[in-house]
Amino acid sequence: MTQNTVEKTSVTLLGLGAMGTALARAWMAAGHPLTVWNRTPARAAALGAEGARVADSAAEAVAANTLVVICLLDDASVEEVLGGTDLAGRDLVNLTTSTPAQARERAEWARERGARYLDGGIMAVPPMVGVPDAGGYVFYSGSRELFERHQETLGVPVGTHYVGTDAGFAALHDVALLSAMYGMFAGVTHAFALIRKEDIDPTSLAPLLVDWLVAMAPAVHTTADQLKNGDYTKGVVSNLAMQVAGTPTFLSTAEQQGVSPELLSPYFALMRRRLAESSGEEDLTGVVDLLLR
């Protein structure tokens, strides 16, 4: 009797916070031999009991496998953990949150030490990791060859999305999407504040907010098309002049409800400034250009 088996890529994982632990368990569940290291040994010990090999040091963990995934607190932690480690011949995949500039510097830092480098920006929270169709994925940028070599393994915990050879692009995409998320949260926060003192059940407003935001989401495509072709008047539904004219109502309502306008006022100010400098027939897209220094 013979058994056909496919050898799974061995992975080293440095950093076992909530995200790192979720990644570790997803790789182990898929049959990938895993070596782990964490500055707090207890977290590594828990995974050791589940079948991971626990290294006594970061250097030992790096030496164990060619593919080394890093999921630490910040870029300074990467320097601290790997500064004195032999990285020659290693494939470093850095999932540590960083800025685009830090990612580019880290790619050069890795190259100087004889390692190949891929940067990643995680678009998921730990409960999404290892769950098919949960929607999570990781942006990757840097060496395309390195990404293609390990894409199958990297895609085990969550999906993969390669965004270019510039090592900083994964971090840039990550921050761009998260910035939009926080802008949405700001609007939702203001909306709930407006009804906070009224006899309105916030759980009745919630589905209305969700439906409205979903309905407005396709405007993102219009903005992108206008930025690409340079025509900010194409496909306009509500022009800039009309929208600026309506802003006093929002500010007056906030005042009447005893709500600070500080989440809306900066954007409204940019809208008014853009109107003063351009055609009122265009869309809100021109505000993007006002943010550039």
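In which strand does Asn 94 lie? In this predicted model, Asn 94 belongs to strand β5, which covers residues 91–94. The description below starts with the whole chain, moves on to its sheet, and then returns to this residue.

The protein chain contains 12 helices and 8 strands. Its radius of gyration is 24 Å, well over the 19 Å that the globule rule gives for 293 residues, so the chain is more spread out than a compact globule. Taken along the principal axes, the box filled by the C-alpha atoms is roughly 75 × 45 × 45 Å. Of the 293 residues, 39% count as buried. The chain exposes about 16,200 Å², and carbon and sulfur atoms supply 57% of that area.

Contacts and charges add to this overall picture. Among the contacts with a separation of 6 or more, 59% come from residues 24 or more positions apart. The chain carries 21 positive and 33 negative charges, and the mean positions of these two groups are 4 Å apart.

The strands are a good place to look next. An open sheet of 8 strands runs in the order β3-β2-β1-β4-β5-β6-β7-β8, and its pairing is mixed. At the edges are β3 (53–54) and β8 (159–162), each of which pairs on one side only. As a reminder, strands of a sheet pair through backbone hydrogen bonds, either parallel or antiparallel.

One pairing can be followed residue by residue. Strand β1 (residues 11–14) and strand β2 (residues 34–37) run parallel and are joined by 4 bridges. Val 11 of β1 stands opposite Leu 34 in β2, while Leu 13 has Val 36 as its bridge partner in β2. Strand β1 is also covered on both faces. Val 11 and Leu 13 lie on one side, Thr 12 and Leu 14 on the other, and all of these residues are buried.

Now back to the residue in the opening question. Is Asn 94 buried or exposed? With a relative accessible area of 2%, Asn 94 is buried, because a residue counts as buried when this value is under 20%. Which residues is Asn 94 in contact with, leaving aside its neighbours within four places in sequence? Ile 70 and Val 78 come before Asn 94 in the numbering, and the list continues with Arg 106, Tyr 117, Leu 118, Asp 119 and Gly 120. In the sheet order, strand β5, the home of Asn 94, stands between β4 and β6.

Notes. Residues numbered from 1 in each chain as written. Predicted model: local features only at pLDDT ≥ 70, side-chain atom pairs only at ≥ 80, totals over all residues. Heavy atoms only, no water. Helix = DSSP H or I, 4+ residues; strand = E, 2+ residues; numbered from the N terminus. Rg over C-alpha atoms; globule rule 2.2 N^0.38 Å. Buried < 20%, exposed > 50% of the residue type's maximum accessible area, 1.4 Å probe, protein only. Contact = heavy atoms within 4.5 Å. Areas by Shrake-Rupley, 256 points an atom, 1.4 Å probe, with all protein chains shown as cover. Lys, Arg positive; Asp, Glu negative; His and termini not counted. Charge placed at Lys NZ, Arg CZ, Asp CG, Glu CD. Pairing = 2+ DSSP bridges.
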